[in-house]
Amino acid sequence: MSEPEEELQGENRESTKKKKKEKRSGKKKKKKEEEEEEEEEQSECVILRGIFKLGKKSHDVLLTRTKLTWTPILPETPTAGEVCVVQPDMVLLQDVFAVKVKRRRAVGQQSGGPVLGMALFCCNRRGRRLEEETLHLHNASSEHTHTWYNTLKELLTGFSSRPRYLKVFINPSSHKKEAVHIYREHVAPLFKMAEVRTDITVTERKGHALSVMKECKLDEYDGVVCVGGDGSVAELCHALVLRAQLDADSPEKPVKPVLPLGIIPAGSTDVVSCSVHGVRDPVTAALHIVLGHLQQVDMCSFSSLGQLVRFGFSAMFGFGGRSLARAEKKRWMPSSRRREYALVKTLARLRPEDCQLSFLPDQDQDQAPESEGEESWTTNQGLYLSISIMSIPCLSPHTPQGLAPNTRLANGSAALISVGDTSRSEFIKHLKRYSSSSGQFSFSFVETHAVSAVRIRPRSLIGWSEEDSEDEGESKTTPIIQSQGAVFPWNIDGELVEISNEVVVRVHPRLITLYGEEVDEAESNVSCSCI
């Protein structure tokens with residue numbers, strides 16, 4: 001056989017193989033489409049049909065595995081020239097969190113009574129807010145009503161992500177000390193309606209939730225709930241992830257906690273809650289929990305000299321750390337006033353940090369991860385007013401589009417925002433733009449990067465102290481020189497952490513699951529007039 005004939009035969013074989021492969025692929029695709037169609041048909045198959053009154057009108061009500069529809073029953077009008085077509089109303093079962101039998105009871109009667117029908121408790125969305133609504137279906141037949149009630153209950157139990165037993169932590173000291181009231185008035189009634197059992201711990205001190213989480217039997221629960229501010233949330237997120245590492249016997253890479261965390265906002269800024277809910281609203285947060293809305297979220301590990309400091313979502317070094325350190329010394333002030341005092345005071349004593357900033361640019365998650373020895377770090381040495389690392393957007397009423405608007409909850413990377421040395425007036429312009437729509441990064445002294453790791457190494461003998469910063473005689477533009485053993489204030493998830501050595505921050509994709517959803521922007525109803 002000649003060489004051209006051999007090549008042609010080889011091409012024919014390859015073509016035949018390709019056609020067979022495409023045929024098999026086409027069959028698989030067709031089979032998958034048929035299975036999806038069959039599944040859709042089954043989900044839309046009518047399970048029950050009956051007549052109920054909604055308001056004063058009788059309706060034809062249909063129940064499938066995914067939704068409940070109702071259409072008003074119109075009287076026959078033989079003289080009418082045209083047939084009136086009425087579109088049915090509908091509620092998706094994924095938005096129904098409870099169903100109850102309605103009965104007529106006398107004053108003081110606790111049980112029994114004639115059946116009146118059913119009530120479906122639903123979630124209605126208004127923007128980012130979730131609100132409770134009740135759908136009343138009236139039918140005096142006990143047998144008819146109970147058939148519908150039992151079927152609906154069975155369908156609702158099919159939503160496996162919905163919790164049945166929750167471990168709840170309440171911080172009674174958060175913000176205006178309203179956490180207990182918020183839970184009793186807004187959250188507990190919804191949990192009771194959805195038949196969610198709770199085991200409640202009211203925390204007595206900082207670190208109380210962490211100590212409880214280390215010891216309790218987590219396999220008894222379906223989820224954990226935090227009622228408090230940013231500090232409480234940071235402690236519980238760290239506790240959940242840390243417990244997972246202890247249970248896994250200190251793995252090389254952080255393992256994911258089994259239980260999701262729900263956050264009921266009861267603080268002053270509620271950054272994590274706003275980032276997964278879009279609003280600071282306890283009812284919205286509680287409905288996300290009872291409906292089992294789960295959102296995977298990236299987290300960071302913060303370590304120094306090879307030792308884990310904590311797990312968290314965000315960290316600020318420089319301006320953010322210093323202002324928090326000042327605020328912590330004025331705990332007797334109201335939180336908003338304390339925050340504004342610290343901001344103004346730190347701006348008045350604005351000074352840069354001299355440090356080495358290194359980072360790993362975000363890698364394609366599909367590629368094989370490199371070993372630490374092969375990692376290619378980008379390193380800069382210089383003066384920085386502020387360095388922020390954020391694995392979530394950090395939305396809040398003060399910054400509706402977030403401190404890190406270019407990142408997402410679960411994109412596998414963090415936003416590194418470095419602000420170089422500049423004048424006080426230019427730095428204030430940069431800060432002011434966080435409360436507006438955009439432009440906070442359009443300065444020559446601001447750099448942003450999507451990163452998978454960051455290392456901050458302050459130059460030796462450089463640090464910060466309250467006493468030195470208050471000295472009017474010091475230069476406003478030079479770093480603060482201290483004695484050996486300087487301690488640097490870090491703002492990690494709103495908590496003051498003092499570290500005397502370099503810090504390495506690593507992003508761990510989808511490390512924790514929170515009750516909520518991806519959010520682009522938070523509701524804003526507050527303003528800061530201090531700058």
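**Met 316 and Val 487 in a predicted chain**

Of the 531 residues of this chain, 47% count as buried, where buried means under 20% relative accessible area, exposed means over 50% and partly exposed lies in between, with a 1.4 Å probe and protein chains only. I should say early that this is a predicted model, in which local features need pLDDT of at least 70 and side-chain atom pairs count only at pLDDT 80 or more, while totals for chains, interfaces and linings use all residues. Residues are numbered from 1 along each chain as its sequence is written, and side-chain values use heavy atoms, with hydrogens and water left out.

The secondary structure comes to eleven helices and 21 strands, these being DSSP runs numbered from the N terminus, with helices H or I of at least four residues and strands E of at least two. Among the contacts with a separation of 6 or more, 70% come from residues 24 or more positions apart, contact meaning heavy atoms within 4.5 Å.

Let me turn to Met 316, which lies in strand 14, residues 314–318. Leaving aside residues up to four places away in sequence, Met 316 touches Gly 321, Ile 387, Ser 388, Met 390, Pro 489, Trp 490 and Asn 491. From C-alpha to C-alpha, Met 316 is 8.6 Å from Asp 493, although 177 residues separate the two in sequence.

Now to Val 487, which sits in the loop between helix 11 (466–469) and strand 19 (488–492). Val 487 counts as partly exposed because its relative accessibility is 32%. Its C-alpha is 7.8 Å from that of Asn 501, and the two residues are 14 apart in sequence.
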